[in-house]
Amino acid sequence: MSHTEMNTAQDLVTYLTDQHQQVKDVMPKVLDLAGDERQEAFTRVRRMLAVHEALEQSTVHLLATTEVSPEEAAARVQEETAAESAISDLESDGAMSADFEDKYRALCSDVVNHAAHEEEEEFGQLTGDLTDQAKAKVALAEKLQDGTGLMGASFKDMFASAHEQLRQLE
Ligand SMILES: [Fe+2]
Ligand SMILES: [Fe+2]
């Protein structure tokens, strides 16, 4: 969905749920590859997750603090913080290290569970229209997903770059 069709909280939920499906499709394929190809695929996954999670923290989890509960919203952010640390660990091991495959499979499973928690505990309860600011954030996130303007090579830096750029729209 293009941001031009993005008007309600449920439009944003559809957009994010489509991204969950893309992540589920793309993430396991990293392990089918080796060498530079695996590294490049891992980078695409890291970029996709960095922008996706930063957009969620800047939009749906904020909405969820009032429309669902502060505890649920905080639990989702905590899962995202845990994924950030798991990805940083994988980056320091390297995509062709002996431990990579087991740790990466664990990350895939955690990411799938996290997405299910969002869809089941949070997304269905968000209502109302998006503000112009939220729409602008989605438009920015779409550009960042293409790699345009996203700074940093590590997940931590890409996540921070996405966060900072989204924050500047507030
Ligand atoms: Fe998330
Ligand atoms: Fe998500």
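Here are some numbered notes on the two iron sites and the helices around them, written for a predicted model.

1. Let me begin with the iron ion (ligand 1). Its donors are E53 (OE), E56 (OE), E80 (OE), H114 (NE2) and E118 (OE), at 2.0 to 2.1 Å. Read along the chain, these donors give the spacing E-x2-E-x23-E-x33-H-x3-E. Two of the donors, E56 and H114, are worth following: E56 sits in helix α2 and H114 in helix α5 (residues 100-122), so this pair ties together parts that are 58 residues apart in sequence. Both E56 and H114 are buried.

2. The iron ion (ligand 2) has its own set of donors: H20 (NE2), H52 (NE2), E56 (OE), E56 (OE) and E118 (OE), at 1.9 to 2.8 Å. Note that E56 is entered twice in that set. The spacing along the chain is H-x31-H-x3-E-x61-E. Here the pair to look at is H20 in helix α1 (residues 9-26) and H52 in helix α2 (residues 35-58), which links distant parts of the chain, 32 residues apart.

3. How far apart are the iron ion (ligand 1) and the iron ion (ligand 2), and which residue bridges them? The separation is 3.2 Å, and the bridging residue is E56. As you rotate the view, E118 is also worth picking out, since E118 (OE) is listed for the iron ion (ligand 1) and E118 (OE) is listed for the iron ion (ligand 2).

4. Why do H20 and H52 count as buried? The cut-off for buried is under 20% relative accessible area. H20 has a relative accessible area of 4%, so H20 is buried. H52 is at 3% relative accessibility and therefore counts as buried.

5. On to the packing of α1 with α2. Their axes come within 11 Å and cross at roughly 155°, which means that α1 is roughly antiparallel to α2. The crossing is left-handed. From α1, the residues L12, Y15, L16, Q19, H20, V23 and V26 meet V45, M48, L49, H52, L55 and E56 of α2. By class, the residues of this contact divide into nine nonpolar, three polar and one charged. You will recognise H20, H52 and E56 here from the donors of the iron ion (ligand 2).

6. The pairing of α2 with α5 runs the other way. Are these two helices roughly parallel or roughly antiparallel? The axes come within 14 Å and cross at roughly 25°, so α2 is roughly parallel to α5. This crossing is left-handed. On the α2 side are R38, F42, V45, L49, H52, E53 and E56, and they meet F100, E101, Y104, V111, H114 and E118 in α5. The class count for this contact is six nonpolar, two polar and five charged residues. Among the residues in this contact are E53, E56, H114 and E118, which also appear as donors of the iron ion (ligand 1).

7. H114 deserves a point of its own. H114 lies in helix α5 and, at 6% relative accessibility, counts as buried. Leaving out residues up to four places away in sequence, H114 touches E53, E56, R76, E79 and E80; among these, E53, E56 and E80 also coordinate the iron ion (ligand 1). By contrast, the C-alpha atoms of H114 and A136, 22 residues apart along the chain, are separated by 25 Å.

8. Next, helix α3 (residues 60-67) and α4. Their axes come within 6 Å and cross at roughly 155°, which means that α3 is roughly antiparallel to α4. H61, A64 and T65 of α3 make the contact with P70, A73, R76, V77 and E80 of α4. These residues divide into four nonpolar, two polar and two charged.

9. Two further residues for your tour. Q57, in helix α2, counts as buried at 17% relative accessibility. Setting aside neighbours within four places in sequence, Q57 is in contact with L62, V77, E80, F159 and H163. A82, in helix α4 (residues 70-93), counts as partly exposed at 46% relative accessibility. A82 and L107 are 25 residues apart in sequence, with their C-alpha atoms 9.6 Å apart in space.

Notes:
Residues numbered from 1 in each chain as written. Chains lettered and ligands numbered in written order. Predicted model: local features only at pLDDT ≥ 70, side-chain atom pairs only at ≥ 80, totals over all residues. Heavy atoms only, no water. Helix = DSSP H or I, 4+ residues; strand = E, 2+ residues; numbered from the N terminus. Buried < 20%, exposed > 50% of the residue type's maximum accessible area, 1.4 Å probe, protein only. Axes fitted to C-alpha atoms, helices over the stretch in contact; angles between N-to-C directions. Parallel < 35°, antiparallel > 145°, perpendicular 65-115°, else oblique. Left-handed = near helix turned anticlockwise from the far one by under 90°. Contact = heavy atoms within 4.5 Å. Nonpolar A, V, L, I, M, F, W, Y, C, P; charged D, E, K, R; others polar.
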